[in-house]
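Please look over the chain below before reading on. The briefing covers overall form, the nonpolar core, and a handful of single residues.

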Amino acid sequence: MLEVNERGISIAEAAERTGVSVHTLRYYERAGLVVTTVDRTAGGRRRYRQIDLDWIKICTKFRATGMPIRTIRQYAELVLAGRGNEKDRLELLEAHRSDVLTQLAELQESLELIDHKIDVYRGRMEAGDADQLWAPRA
């Protein structure tokens with residue numbers, strides 16, 4: 001991945017590099033999720049630095065794992081507050097980790113059901129009686 005130079009990059013390039021839309025980048029700023037102040041040009045255009053992109057990627061990973069916006073904001077506020085609240089940050093992350101593990105277990109259970117259904121269909125197709133599989137009747 002290319003490092004961002006000291007002048008920063010445009011919002012369009014930041015969107016491309018982070019995999020989120022320009023709209024999402026603006027929303028993250030408005031919602032208080034970004035812990036840095038995104039630089040601006042004399043004309044008011046945003047200029048993203050590497051630290052901004054790194055933080056946005058953290059936010060997108062949190063969102064991808066189902067962390068609510070309010071929790072990301074809470075985490076960002078703790079980070080912005082600086083030293084002394086590491087225990088609070090850890091507790092927040094551990095709680096979210098527990099939620100993610102629960103989601104993973106549920107997904108694993110669902111995957112096992114899907115695998116079972118695939119095995120049934122393959123077996124019936126190999127046996128030549130796939131037409132005997134259950135189908136709702138009108």
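**Briefing: a predicted model**

At 40% relative accessibility, Asp 88 is partly exposed, because that value falls between the 20% and 50% cut-offs. The model is predicted. Asp 88 is placed in helix 5, and helix 5 covers residues 86–127. The protein chain as a whole has 138 residues, and 29% of them are buried.

**Fold and overall form**

- The protein chain contains 5 helices and 2 strands.
- In sequence order, the pattern reads α-α-β-β-α-α-α.
- The radius of gyration of the protein chain is 23 Å, whereas a compact globule of 138 residues would come near 14 Å.
- The C-alpha trace spans about 70 × 35 × 35 Å along its principal axes.
- Consider contacts between residues at least 6 apart in sequence: 46% of them join residues at least 24 apart.

**Surface and charge**

- The exposed area of the protein chain is about 9900 Å².
- Carbon and sulfur atoms supply 52% of that exposed area.
- Positive side chains number 22, and negative side chains also number 22.
- The centres of the two charge sets lie 8 Å apart.

**The largest nonpolar core**

- This core has 26 residues.
- Leu 25, Leu 33 and Tyr 48 touch the most other members.
- Two or more core residues come from each of helix 1 (11–18), helix 2 (22–30), helix 3 (50–64) and helix 4 (69–81).
- Which residues does Leu 25 touch, leaving out those up to four places away in sequence? They are Ile 11, Ala 14, Ala 15, Thr 18, Val 20, Tyr 48 and Ile 56.

**Ala 14, in helix 1**

- Ala 14 lies in helix 1.
- Its relative accessible area is 0%, so Ala 14 counts as buried under the 20% cut-off.
- Beyond four places in sequence, Ala 14 touches Ile 9, Leu 25, Tyr 48 and Leu 53.
- Ala 14 and Ile 69 are 55 residues apart along the chain, and their C-alpha atoms are separated by 20 Å.

**Arg 70, in helix 4**

- Helix 4 holds Arg 70.
- Is Arg 70 buried or exposed? Arg 70 is exposed, because its relative accessible area of 61% is over the 50% cut-off.
- From Arg 70 to Ile 114, the C-alpha separation is 34 Å, with their positions 44 residues apart along the chain.

**Helix 5: Asp 88, His 96 and Leu 104**

- Asp 88 and Leu 78 are 10 residues apart along the chain, with C-alpha atoms separated by 7.7 Å.
- His 96 is found in helix 5.
- Why does His 96 count as buried? Its relative accessible area is 10%, and buried means under 20%.
- Setting aside neighbours within four places in sequence, His 96 is in contact with Phe 62, Thr 65, Gly 66 and Met 67.
- Leu 104 is also placed in helix 5.
- Leu 104 has a relative accessible area of 48%, so it is partly exposed: the cut-off for exposed is over 50%.
- Leu 104 and Glu 13 are 91 residues apart in sequence, and 33 Å separates their C-alpha atoms.

How values were computed: Residues are numbered from 1 along each chain as its sequence is written. This is a predicted model: local features need pLDDT of at least 70, side-chain atom pairs count only at pLDDT 80 or more; totals for chains, interfaces and linings use all residues. Side-chain values use heavy atoms; hydrogens and water are left out. A nonpolar core is a set of buried Ala, Val, Leu, Ile, Met, Phe, Trp, Tyr and Cys residues joined through side-chain atoms within 4.5 Å. Buried means under 20% relative accessible area, exposed over 50%, partly exposed in between (1.4 Å probe, protein chains only). Helices (H or I, at least four residues) and strands (E, at least two) are DSSP runs, numbered from the N terminus. Contact means heavy atoms within 4.5 Å. The radius of gyration is taken over C-alpha atoms; the globule rule is 2.2 Å times the number of residues to the power 0.38. Accessible areas come from the Shrake-Rupley method with a 1.4 Å probe; for residues, only the protein chains shown count as cover. Lys and Arg count as positive and Asp and Glu as negative; His and the chain ends are not counted. The place of a charge is taken as NZ of Lys, CZ of Arg, CG of Asp or CD of Glu.
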